[in-house]
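Me: Hi! I have a structure open and I'd like to talk through some of its charged side chains. Can you help me?

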Amino acid sequence: GIWGAIHKHLWSINHDDETLDEAIAAYERSFNLKQDYYSDINFAFVLNLRAVERARNNVLLKATADELWARRIWCDVIRYMSPRAESEELDNEKQYWVFATLWECALGLNDEAAVAKWDDKARGLEVPAWMRQTREKRGERLRLLQQELRKLVPPGS
């Protein structure tokens with residue numbers, strides 16, 4: 001996960017394809033080994049980054065494949081995180097990150113009902129402002145990526 005985060009950050013500086021590929025490979029390893037929701041939603045996010053980059057370069061089939069792969073990751077995260085969402089063993093901050101994760105997955109899948117549900121649950125918890133800002137910033141970045149991807153690769157194309 002840390003290796004993926006390092007390469008995701010390096011990619012944001014240099015926009016080098018190999019760096020983004022390394023971030024994806026690292027997050028994929030983490031996904032397969034740990035099912036650590038933080039790494040897993042980052043895995044889906046960097047797949048969306050690469051989908052946009054590929055679409056910009058008119059490599060539409062690979063862009064679509066990356067987008068579908070990201071959707072599968074979000075579905076998997078929902079499957080294993082949903083039972084934790086109602087756990088009474090978690091403190092507010094851990095519960096918040098579970099709700100934030102499910103909210104981000106719903107955003108990625110364009111499931112507006114689930115987006116509203118998890119947003120309400122997240123907003124209902126008292127957590128530090130930086131946590132709310134982090135969630136909102138991540139959501140905005142994901143929305144912008146998906147909007148760009150829809151312009152470059154319209155659904156059904």
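Me: Let's start with Glu67: buried or exposed?
Reply: Glu67 is buried, with a relative accessible area of 11%. Keep in mind that this is a predicted model.

Me: OK, and which side chain does Glu67 meet in a salt bridge?
Reply: That would be Arg150, at 2.7 Å from N to O. The pair ties together parts that are 83 residues apart in sequence, because Arg150 lies in helix H7 (residues 129-152) and Glu67 in helix H4 (residues 60-85).

Me: What about Arg150, how accessible is that one?
Reply: Arg150 has a relative accessible area of 28%, so it counts as partly exposed.

Me: New topic: where do Asp76 and Arg72 lie?
Reply: Both lie in helix H4, four residues apart, which is about one turn of the helix. Their side chains meet in a salt bridge too, at 3.6 Å from N to O.

Me: Why does Asp76 count as buried?
Reply: Because its relative accessibility is 17%, and buried means under 20%. Its partner Arg72 is partly exposed at 44%.

Me: And which residue does Lys34 pair with?
Reply: Lys34 forms a salt bridge with Asp36, at 3.7 Å from N to O. Lys34 counts as exposed at 55% relative accessibility, while Asp36 is partly exposed at 24%.

Me: Last ones: how many salt bridges does the structure hold? And which residues are linked in a network?
Reply: The structure holds 14 salt bridges. As for the network, salt bridges link Asp21, Arg50, Arg54 and Asp66.

Note on methods:
Residues numbered from 1 in each chain as written. Predicted model: local features only at pLDDT ≥ 70, side-chain atom pairs only at ≥ 80, totals over all residues. Heavy atoms only, no water. Salt bridge = Lys/Arg side-chain N within 4 Å of Asp/Glu carboxyl O. Buried < 20%, exposed > 50% of the residue type's maximum accessible area, 1.4 Å probe, protein only. Helix = DSSP H or I, 4+ residues; strand = E, 2+ residues; numbered from the N terminus.
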